[in-house]
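Here's a short set of exercises to work through with the model open beside you. Try each task before you read its solution.

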Amino acid sequence: MSHDSNPRRLAEQPLPEGCTVSRRRFLEGIGSAAGLLAAGTVPAIATVAATAANASESVSGEPEPGGGIGYLAEANQSVNYPGKPVHYAEPAGDQKWGMVIDVKACIGCRRCVYACVKENNIGRNAGFTYIQVLEMELGKVDVEHGVLDYEEAGRPDKWYMPVQCMQCAKPTCVYGCPVIATWKEPDGIVVIDYEKCIACRNCMVTCPYDARHFNWVEPEVPKAEVNPKVPLEEKAGVVEKCTFCIQRTRNGQTTVCTEACPVGARKFGDLNDPESEVSILLKTRRVWRLKEEFGTEPMIWYVG
């Protein structure tokens, strides 16, 4: 982890050469939450979610067997799992992975974005990144008007919100795949088998977070920067997305975005472990989830 936390200096670092961000498409996908968020629903969600974690209730307010963190881990089960891990990953362990992002701590430096691009062999010519960081007006939660291409990070009159695949417990993207080329593994990570994907892009339509991306071109990564643990050529002409750095987290490491954050805004850990940072945050802080009203049970929470 870098110890340089000067947000302006960090923001001066550009995306890896050739990598661009599509602002219009992302905001079109994410925009349907704007009405809900702008209407001030977030504080209500925060209260309910924190209550669920503490008082054995679901996010809908209904009592759940096991309740609290146990309920969250229990809800994060495999979906359409073929009985063996995706071919580019080790078998899942006993963990149930989740993430908490502190938007009050986030300085919008995009270090998480840059690290993710390099770690996951995202084509520098792809036109997308797995992580998007929105710059928001202070005192407002207006996702529709969030700014992706801001030039100065750490502004005191702004706040910053990273968005990516939510690894949902009820993944509508998985349900939408007609050939079961994508599934949710036992530890809660949603993966794609690039060899099975038929490029119909239905999963992109059914994902409410616009977190899946189609490779229209052969992904280009400088030879010296290729990660041999992550597929590259086979991602051409198919859909890809964040995998919670499955090549790292299945081997005892944290996600690279968590490791790269200079201010510790990201916490990644095991929901089955009551002493993990994510479990403690979910039990002790008011948290909320993006588009929670869709019922997909995202496994990424926000706090701040």
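**Exercise 1. Empty space inside**

Find how many cavities of 30 Å³ or more the structure holds, then describe what lines the largest cavity.

*Solution.* Keep in mind that this is a predicted model. Start with the count: there are 6 cavities of 30 Å³ or more. Next, take the largest cavity, which has a volume of about 100 Å³. Its lining is made up of 15 residues, and Cys106, Cys109, Cys112, Cys261 and Arg266 are the ones nearest its centre. Finally, sort that lining by class: you get 11 nonpolar, 1 polar and 3 charged residues.

**Exercise 2. Tyrosine on tyrosine**

Work out how the rings of Tyr150 and Tyr160 are arranged.

*Solution.* The count of aromatic pairs comes to 6. One of them is Tyr150 with Tyr160, at 5.3 Å centre to centre and with 50° between the planes. An angle under 30 degrees would count as stacked and one over 60 as edge-to-face, so this pair falls in the tilted class. Now place the partners: Tyr150 is in the loop between β2 (132-137) and β3 (158-163), while Tyr160 is in strand β3, 10 residues apart. Last step, check exposure: both Tyr150 and Tyr160 are buried.

**Exercise 3. Two phenylalanines and a tryptophan**

Classify the pair Phe244 and Phe268, and say which aromatic cluster they belong to.

*Solution.* The ring centres of Phe244 and Phe268 are 5.0 Å apart with the planes at 75°, so call this one edge-to-face. Phe244 sits in the loop between β7 (239-240) and α9 (246-249) and Phe268 in strand β8 (residues 266-270), so the pair ties together parts 24 residues apart in sequence. Phe244 and Phe268 are buried. Add Trp97 and you have the cluster: Trp97, Phe244 and Phe268.

**Exercise 4. Charges and their partners**

Which rings do Arg201 and Lys291 sit over, and what does the side chain of Glu297 contact?

*Solution.* Take the rings to begin with. Arg201 lies over the face of Phe214, 4.9 Å from the ring centre. Lys291 puts its charged end over the ring of Tyr209, at 5.9 Å from the centre. Then turn to Glu297, found in the loop between β9 (287-288) and β10 (300-303). Its relative accessible area is 7%, and the cut-off for buried is under 20%, so Glu297 counts as buried. Its side chain makes a polar contact with the side chain of Arg289, at 2.6 Å.

Notes
Residues numbered from 1 in each chain as written. Predicted model: local features only at pLDDT ≥ 70, side-chain atom pairs only at ≥ 80, totals over all residues. Heavy atoms only, no water. Phe/Tyr/Trp six-rings, centres within 6.5 Å; stacked < 30°, edge-to-face > 60°. Helix = DSSP H or I, 4+ residues; strand = E, 2+ residues; numbered from the N terminus. Buried < 20%, exposed > 50% of the residue type's maximum accessible area, 1.4 Å probe, protein only. Lys NZ or Arg CZ within 6 Å of the ring centre and 35° of its normal. Polar contact = N/O pair within 3.5 Å; in protein donor to acceptor, adjacent residues only side chain to side chain. 1 Å grid on protein atoms, 1.4 Å probe; cavity = no way out; pocket = protein on both sides within 12 Å on 5 of 7 lines; lining within 4 Å. Points joined across faces, edges and corners; volume = space filled by probe spheres on them. Nonpolar A, V, L, I, M, F, W, Y, C, P; charged D, E, K, R; others polar.
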